[in-house]
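Me: Please take a close look at the cysteines in this model and tell me how their sulfur atoms stand to one another. After that, I would like you to carry on to the backbone and go through its peptide bonds and phi angles with care.

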Amino acid sequence: MRWIHRDSVITCDHDGRVENRPSRQWVSVTGVPVLVDDDPEGRKIVACPNYGPTIKPCTTTLTVRVGYSDWIRVDGHRVVLSHLEGFTNGTPPGLVKHTVRDPAQGFLGADR
């Protein structure tokens, strides 16, 4: 598993892209700030193509189900890892997830 940072690609199941905003700036991978809990939650999703008369596109990430390190912390917050998975607010409710498409770094990894 790789550490996830601001430039990592996180998408909804429909390929809408999550806008990453790191809450801590002082720990980085290749000069890019890492994400910690709860950075992937409540983030805007752009360009979700899942829309229609009775279909709501993904616009926001919801609670993360898995993907925080059990051991590694930054300022008391768990580091986000590449097995990240959580839900979005898109339809159908409770089924559409956001996951890491590309960690965008191959230098720093961890075993949960």
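Reply: **The cysteine sulfurs and the backbone**

The cysteine sulfur closest to that of C12 belongs to C48, and at 3.8 Å it is too far away for a bond. Seen from the other side, C48 takes part in no disulfide (a pair of cysteine sulfur atoms within 2.5 Å), and its nearest cysteine sulfur is that of C12, 3.8 Å away. A search of the whole structure likewise finds 0 disulfides. C12 counts as buried, at 1% relative accessibility, and C48 is buried as well, with a relative accessible area of 9%; here buried means under 20% relative accessible area, exposed means over 50%, and partly exposed lies in between, with a 1.4 Å probe and protein chains only.

These values come from a predicted model, in which local features need pLDDT of at least 70 and side-chain atom pairs count only at pLDDT 80 or more, while totals for chains, interfaces and linings use all residues. Residues are numbered from 1 along each chain as its sequence is written, and side-chain values use heavy atoms, with hydrogens and water left out.

Turning to the backbone, A47 has a positive phi near 65° although it is not glycine. A47 lies in the loop between β5 and β6 (61-74), where strands (E, at least two residues) are DSSP runs numbered from the N terminus, and with 65% relative accessibility A47 counts as exposed. A104, too, is a residue other than glycine with a positive phi, near 60°; A104 sits in the segment after β8 and is partly exposed, at 40% relative accessible area.

A positive phi near 55° is also found at D75, in the hairpin of β6 and β7, which has 2 residues between the strands. These two strands pair (DSSP finds at least two bridges between them) in the antiparallel sense over 6 bridges, and V74 stands opposite H77 in β7.

The peptide bonds need the same care. A cis bond, with omega about 0°, joins D37 and D38, and D38 lies in the loop between β4 (32-33) and β5 (45-46). The bond from T91 to P92 is also cis, its omega being near 0°, and P92 is placed in the loop between β7 (77-88) and β8 (97-102).

Note on methods. Helix = DSSP H or I, 4+ residues; strand = E, 2+ residues; numbered from the N terminus.
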